[in-house]
Amino acid sequence: MAEKLNLKKLAFIGGGAMGEAIIKGITRAGLMDPAAIFVGAHRQERADYLHDTYGVTALIDNAEVVKNAEMVVLAIKPQMVDSALDKTLAAAVDRNAVILSIMGSVTIEKIANIFKGHAVIRTMPNTPLAVGAGMTAIAPGDNVPDAAVQTALKIFGCCGETLLIQEKDIEAVTAVSGCGPGYVYVLIDALADAGVMAGLPRAAAIKLAAQTFAGSGKMVLETGQHPAVLRDMVTSPGGTTIAGIKALENGAVRGAMYNAVQAVLDRSEALKKH
Ligand SMILES: NC(=O)c1ccc[n+]([C@@H]2O[C@H](COP(=O)([O-])OP(=O)(O)OC[C@H]3O[C@@H](n4cnc5c(N)ncnc54)[C@H](OP(=O)(O)O)[C@@H]3O)[C@@H](O)[C@H]2O)c1
């Protein structure tokens, strides 16, 4: 079992899909006593579900949730920031508490303006966190104590891989690993379709395609080899795999990836102007 978090109380504002995935990771890894995890849910039905499923303390009153917590995780939608994170809530947060946000497109500066005087850590997780295979980039703001950074690394490390970054890189991270699962689902579906075309039953084709993506990702991470080196290892001269790769290159698969990442960056800029 992983070393426990050095926190007496951890608070979550928002226990939706991502909040729940993190809570699941923490409780499954035994990082904290579940009752010491407080979640502000905004419907009683959701609070009951989180309590019954994970043993956490789930309340409707956010001010009660954050009281005496050493770390407050912001896991609501960015559009809820102005209504949910008000002065009453900010005043209820312990003066030494660190604010940890998983919210897309909400800057450290904006969060620090709401929670004045608090250290802020901004993160960008992705949805495979829900199955313990997430990728979370962690950008600590100024004056974040090292212990808080280590706590953030432990929290997200129990649900997948982590990477320390600077906030200036977070939009690019969002376009690669934040939105990346969406791209990969499309690619898995496409490879499975091609398998069906080649005569495989649908379920078998999906399993073959999905595990091939999962396993290849694991090879890159565990061997530390550049993907091009691993690709060279599976392409014998004049063989079948290089013929498949040539077809992919003809289909401009690399160009499509550059375009996907740029499209996310462009869309994100456009949304900021609204
Ligand atoms: N999903 C992703 O791929 C992903 C990846 C990286 C980062 N993020 C970020 O993670 C954040 C959460 O996303 P999500 O997918 O978990 O959204 P979600 O499932 O909609 O969760 C948000 C939760 O916040 C609750 N909520 C709304 N207002 C509240 C309030 N005033 N007090 C307490 N709780 C409140 C909602 O409750 P109700 O349902 O009752 O309204 C809901 O359960 C977002 O900021 C997003 O940018 C998401």
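Student: Which side chain has an N or O atom 3.0 Å from a nitrogen atom of the ligand?

Tutor: Bear in mind that this is a predicted model. A polar contact is read as a pair of N or O atoms within 3.5 Å, and here the side chain of asparagine 62 places such an atom 3.0 Å from a ligand nitrogen. The backbone takes part as well, since a polar backbone atom of isoleucine 76 lies 2.6 Å from an oxygen atom of the ligand, while a backbone N or O atom of glycine 16 is 3.4 Å from a ligand oxygen. The ligand on its own has 890 Å² of accessible area, of which the protein covers 78%.

Student: What classes of residue make up the shell around the ligand, and which residues come nearest?

Tutor: The shell is sorted by class into 11 nonpolar, eight polar and two charged residues. Of these 21 residues, the nearest are Ala17, Met18, Arg43, Ile76 and Gly104, and the space that the ligand takes is the second largest pocket.

Student: Where in the chain does serine 105 lie, and is serine 105 buried or exposed?

Tutor: Relative accessible area is the value to read, with buried meaning under 20% and exposed over 50%. Serine 105, in the loop between strand S5 (98-101) and helix H6 (108-114), has a value of 47% and is therefore partly exposed. Its phi is positive, near 60 degrees, in a residue other than glycine.

Student: What is the phi of alanine 252, and where does alanine 252 lie?

Tutor: Alanine 252, although not a glycine, has a positive phi of about 55 degrees. Its place is in the loop between helix H12 (240-250) and helix H13 (253-272), and with a relative accessible area of 40% alanine 252 is partly exposed.

Notes: Residues are numbered from 1 along each chain as its sequence is written. This is a predicted model: local features need pLDDT of at least 70, side-chain atom pairs count only at pLDDT 80 or more; totals for chains, interfaces and linings use all residues. Side-chain values use heavy atoms; hydrogens and water are left out. A residue is near a molecule or strand if one of its heavy atoms lies within 4 Å of it. A polar contact is a pair of N or O atoms within 3.5 Å; within protein, one must be able to donate a hydrogen and the other to accept it, and residues adjacent in sequence count only if both atoms are side-chain atoms. Accessible areas come from the Shrake-Rupley method with a 1.4 Å probe; for residues, only the protein chains shown count as cover. On a 1 Å grid over the protein atoms alone, a cavity is a set of points where a 1.4 Å probe fits but cannot get out, and a pocket is an open set with protein on both sides within 12 Å along at least five of seven lines; lining residues have an atom within 4 Å of a point. A molecule sits in a cavity or pocket if more than half of its atoms lie within 2 Å of its grid points. Ala, Val, Leu, Ile, Met, Phe, Trp, Tyr, Cys and Pro count as nonpolar, Asp, Glu, Lys and Arg as charged, and the others, Gly among them, as polar. Helices (H or I, at least four residues) and strands (E, at least two) are DSSP runs, numbered from the N terminus. Buried means under 20% relative accessible area, exposed over 50%, partly exposed in between (1.4 Å probe, protein chains only).
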